[in-house]
Amino acid sequence: MTFRKAVVKIHLWLGFASGLVVFIVAITGCLYAFQKEIQDALQPYRFVERQPDAYLPPSVLKAAAEEHIPDKHIHAVQYLGPDRAAQVIYYSYDPEYYYIVYVNPYTAQVLNVTDMSRNFFNVVLDGHFYLWLPHEIGQPIVATATLVFVVMLISGIFLWWPRKKKNAKQRFTIKWNARWRRVNFDLHNVLGFYVWAIALVFALTGLVWGFQWFASGMYAAAGGEKSLEYYEPLSDTTKLAHDDVPAIDKVFAAMQRAYPSAKTIEVHLPETHATTISANANPDDETYWMLDYRYFDQYTLEEKSVDHIYGRFPEAKAADKLLRMNYDIHTGALLGLPGKFLAFFASLIIASLPVTGTWIWYGRRKKQDRVSSLSVRGSAVAQ
């Protein structure tokens with residue numbers, strides 16, 4: 001068996017092993033590309049009328065949300081701009097729940113309560129990350145299939161590469177007037193080439209979430225020195241707050257003073273009596289990598305430092321920023337709206353590759369069966 005034939009076999013069997021997962025992950029990624037724009041268009045409760053008044057503090061919005069969901073812990077209060085509803089976010093991994101209460105930041109009027117477990121795009125995202133399976137089962141399957149997909153991309157570009165100069169042109173164009181088998185072959189081969197680099201970026205950024213060893217290796221290769229494991233520092237539980245103003249309101253006021261031009265400000269309530277109040281500010285409401293993360297003692301409001309990459313943005317080095325960019329690169333948001341269009345169409349083409357690849361195999365299998373059948377008939381006649 002020649003080396004090329006061995007690569008064909010590897011490409012084929014890896015395609016069978018990962019094709020369905022790649023299809024699901026790509027289709028769900030395609031559906032998720034414009035989730036923000038679609039939800040803004042279909043959910044008017046995300047917006048409020050801009051007012052000259054100052055925002056109400058987090059404790060007031062928290063109290064308004066608790067009238068609708070009184071028995072669960074509030075994860076964070078997020079302010080998204082002067083013409084958008086604030087979000088009071090309920091999130092817990094165990095027990096598992098995820099709600100968002102949309103509140104007018106000027107009046108504390110509750111505009112909508114959304115159970116995110118039933119939100120269409122959250123269901124899509126669950127398929128993208130976990131194939132709608134339990135997390136501990138779905139995540140390793142998706143991560144492994146993504147790693148297999150990287151190998152398929154490498155083998156695919158090898159098989160695409162023209163062996164003769166005269167055949168080079170056909171590798172770049174689809175012969176639409178040919179028979180269906182040839183058109184299908186070109187759809188797989190030609191479109192696969194054009195989307196190859198983007199698919200590789202999608203896969204590698206996906207592997208950052210899929211395998212800790214991959215994320216750590218990439219970060220170290222880029223010169224990173226901090227921890228990738230997120231944690232919140234501890235508060236000094238020997239101190240007690242004596243002020244009537246809630247600590248989360250003080251932190252929010254401090255963040256407003258520190259970031260007067262921020263597009264979003266988010267305050268995370270302490271998860272326990274010993275953890276800090278974490279807060280972040282973002283100068284860009286379309287991406288996440290420039291978030292400035294800060295942590296405050298919930299009793300003294302003293303700012304605490306961290307040694308992981310989710311700290312102060314001015315202190316982030318190139319490797320830290322690269323890991324922070326991972327989500328924005330993966331979704332195309334780093335390039336703005338054109339990047340989202342690129343992610344949408346690239347994901348659509350990637351989803352087509354397992355389908356066209358299966359048809360190539362099926363067509364060749366049928367051809368081989370016909371040849372074998374004719375050979376048997378010829379032998380019978382000869383006898």
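## Close-up views of a predicted model

**Figure 1. A salt bridge within helix α2 of this predicted model.** Asp-40 and Lys-36 both belong to helix α2 (residues 35-42) and, being four residues apart, are separated by about one helical turn. Their side chains form a salt bridge in which the closest N and O atoms are 3.7 Å apart. The two partners differ in their cover: Asp-40 is buried, at 16% relative accessibility, whereas Lys-36 is partly exposed, with a relative accessible area of 24%.

**Figure 2. The open sheet and its edge strands.** Eight strands make up an open sheet with antiparallel pairing, and their order across the sheet is β4-β3-β2-β1-β5-β6-β7-β8. The edges are taken by β4 (110-115) and β8 (303-304), and each of these has a single partner strand, so one side of each is left without a neighbour in the sheet. In general, the strands of a sheet pair through backbone hydrogen bonds, in either a parallel or an antiparallel manner.

**Figure 3. The pairing of β6 with β7.** Strand β6 (residues 277-282) and strand β7 (residues 292-296) run antiparallel and are joined by five bridges. Within this pair of strands, Ile-277 stands opposite Phe-296 in β7.

**Figure 4. Helix α3 against the sheet.** Helix α3, which covers residues 58-66, lies across four strands, namely β1 (74-79), β2 (86-92), β3 (97-103) and β4. Relative to β1, helix α3 runs at about 120 degrees.

**Figure 5. Backbone geometry in the loops on either side of β3.** In the loop between β2 and β3 lies Pro-95, and the peptide bond that leads from Asp-94 to Pro-95 is cis, with omega near 0 degrees. In the loop between β3 and β4 lies Ala-108, a residue other than glycine whose phi is nevertheless positive, near 70 degrees. Ala-108 counts as buried, at 16% relative accessibility. As background to both sites, most residues other than glycine have a negative phi, and most peptide bonds are trans.

**Figure 6. Trp-132 in the loop between two helices.** Trp-132 is found in the loop that lies between α4 (120-130) and α5 (135-160). Its phi is near 65 degrees, which is a positive value in a residue other than glycine. With a relative accessibility of 45%, Trp-132 counts as partly exposed.

**Figure 7. A nonpolar patch on the surface.** Leu-20, Phe-23, Trp-180, Val-355, Trp-359 and Tyr-362 form this patch, and together they have about 650 Å² of accessible area. Helices α1 (3-32) and α12 (336-382) each supply at least two of the residues in the patch, and α12 gives the most, with three residues. Leu-20, a member of the patch, lies in helix α1 and is exposed, with a relative accessible area of 61%.

**Figure 8. The surroundings of Val-190 in helix α6.** Val-190 lies in helix α6, which is made up of residues 180-194, and is buried, with a relative accessible area of 2%. When residues up to four places away in sequence are not counted, Val-190 touches Gln-170, Arg-171, Phe-172, Thr-173 and Ile-174. For orientation, Lys-9 is 181 residues from Val-190 along the chain, and the C-alpha atoms of these two residues are separated by 20 Å.

**Figure 9. Further salt bridges, and a network of shared partners.** A search of the whole structure finds 16 salt bridges, and side chains of opposite charge can, in general, pair when their charged atoms come close. The side chains of Lys-72 and Asp-71 meet in one such salt bridge, with an N to O distance of 3.8 Å. Here Lys-72 counts as partly exposed, at 26% relative accessibility, while Asp-71 counts as exposed, at 59%. Another salt bridge links Lys-304 with Glu-302, the closest N and O atoms being 4.0 Å apart. Both of these residues are partly exposed, Lys-304 at 23% relative accessibility and Glu-302 with a relative accessible area of 45%. Elsewhere, salt bridges that share partners join Lys-36, Glu-37, Asp-40, Arg-84, Glu-286 and Lys-340 into one network, which includes the Asp-40 and Lys-36 pair of the opening view.

Key: Residues are numbered from 1 along each chain as its sequence is written. This is a predicted model: local features need pLDDT of at least 70, side-chain atom pairs count only at pLDDT 80 or more; totals for chains, interfaces and linings use all residues. Side-chain values use heavy atoms; hydrogens and water are left out. Two strands pair if DSSP finds at least two bridges between them. Contact means heavy atoms within 4.5 Å. Axes are lines fitted to C-alpha atoms, for helices over the stretch in contact, and angles run from 0 to 180 degrees between N-to-C directions. Patches are made of residues with over 30% relative accessible area and no salt bridge: like charges are joined within 9 Å, nonpolar side chains (Val, Leu, Ile, Met, Phe, Trp, Tyr) within 5 Å. Accessible areas come from the Shrake-Rupley method with a 1.4 Å probe; for residues, only the protein chains shown count as cover. Buried means under 20% relative accessible area, exposed over 50%, partly exposed in between (1.4 Å probe, protein chains only).
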